[in-house]
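Colleague: I am new to this model and would like a close look at one part of it. Please start from a single residue and work outwards to what surrounds it.

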Amino acid sequence: MADADRERWDRAYGKGLHIGGDAPEWLARFTAQFPEQGRALDVASGTGRIACWLAAQGLNVLAVDVSQQGLRLARERAERDRVSIETLCRDLEQTPPPEGPFDVITCFHYLQRELFPQLVERLAHGGVLICEHKTVLNLERHEKPSAHFLLEPDELPRLCAPLDIEHHEEDWIDDRALTRIVARRRA
């Protein structure tokens, strides 16, 4: 499955699909809760919109994705944004995430439930995990993605246990059923 995923994403990025814009505006509400320096891990980074945003906050960022093409675009974005990121092509279904500790870990629109305990484990004490994902309610208005790739209502806080939840919301946002979380590992 990993090679098929890699090829699918490389093709999509090569066609200019899923390039994405800037990091979500809602992240700016939480910058005061981030460390001013330290290590960050952006899981399933794609074209690097979150990774570059984290780097602009002063963090040393490692962007991980299955797609070489996506990571190439992330490096180009970093150059345009005049920030520095490190990239790592890795299939997280086959290989664990990089060793921590990380002061910030982000995971946006990538669902691999068994990955969450590993992300929690790689957070530094006092570190922050930030996630955004669609829920199954999204199927009320959109055919894709299928339920297999969507979270159940209130599932994200359970996946983030035993972290302290500092912010959690689930609602229709920009015509998508989204869940968002900011959770911290106790110092």
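**A loop and its surroundings**

Modeller: His109 lies in the loop between β4 and α4 (116-122), where helices (H or I, at least four residues) and strands (E, at least two) are DSSP runs numbered from the N terminus. Please keep in mind that this is a predicted model, in which local features need pLDDT of at least 70 and side-chain atom pairs count only at pLDDT 80 or more, while totals for chains, interfaces and linings use all residues. Residues are numbered from 1 along each chain as its sequence is written, and side-chain values use heavy atoms, with hydrogens and water left out.

The backbone at His109 deserves attention, for its phi is near 60 degrees, a positive value in a residue other than glycine. His109 is partly exposed, with a relative accessible area of 28%; on this scale buried means under 20% relative accessible area, exposed over 50%, and partly exposed in between, using a 1.4 Å probe and protein chains only. Ala44 also has a positive phi, of about 55 degrees, although it is not a glycine. The place of Ala44 is in the loop between β1 (39-43) and α2, and its relative accessible area of 23% makes it partly exposed.

From the loop that holds His109 we can move on to α4. Arg122 forms a salt bridge with Glu99, the closest N and O atoms being 3.2 Å apart; a salt bridge here is a side-chain nitrogen of Lys or Arg within 4 Å of a carboxyl oxygen of Asp or Glu. Glu99 lies in the loop between β3 and β4 while Arg122 is in helix α4, so the pair ties together parts that are 23 residues apart in sequence. The two partners sit in contrasting surroundings, since Glu99 is exposed at 57% relative accessible area, whereas Arg122 is buried at 5%. Glu99 is followed by an unusual stretch of backbone: the peptide bond from Gly100 to Pro101 is cis, with omega near 5 degrees, and Pro101 has its place in the loop between β3 (85-89) and β4.

β4 then leads us to the interior. The largest nonpolar core has 24 residues, of which Trp26, Leu27, Leu54, Val61, Ile85 and Ile130 touch the most other members. Such a core is a set of buried Ala, Val, Leu, Ile, Met, Phe, Trp, Tyr and Cys residues joined through side-chain atoms within 4.5 Å. At least two residues of this core come from each of α2 (49-56), β2 (60-65), α3 (68-81), β4 (102-108) and β5 (123-134), and α2 gives the most, with six residues. Leu54 touches Phe34, Ala40, Leu59, Val61, Val104 and Thr106, leaving aside residues up to four places away in sequence, where contact means heavy atoms within 4.5 Å. A second, separate core of 23 residues includes Val43, Cys107, Leu119 and Leu151.

Beyond α4, we come to β5. Glu132 forms a salt bridge with Arg180, with the closest N and O atoms 2.6 Å apart. Glu132 lies in strand β5 and Arg180 in strand β7 (residues 176-184), so this pair ties together parts that are 48 residues apart in sequence. Both Glu132 and Arg180 are buried, and they are linked with Arg29 and Glu169 in a network of salt bridges.
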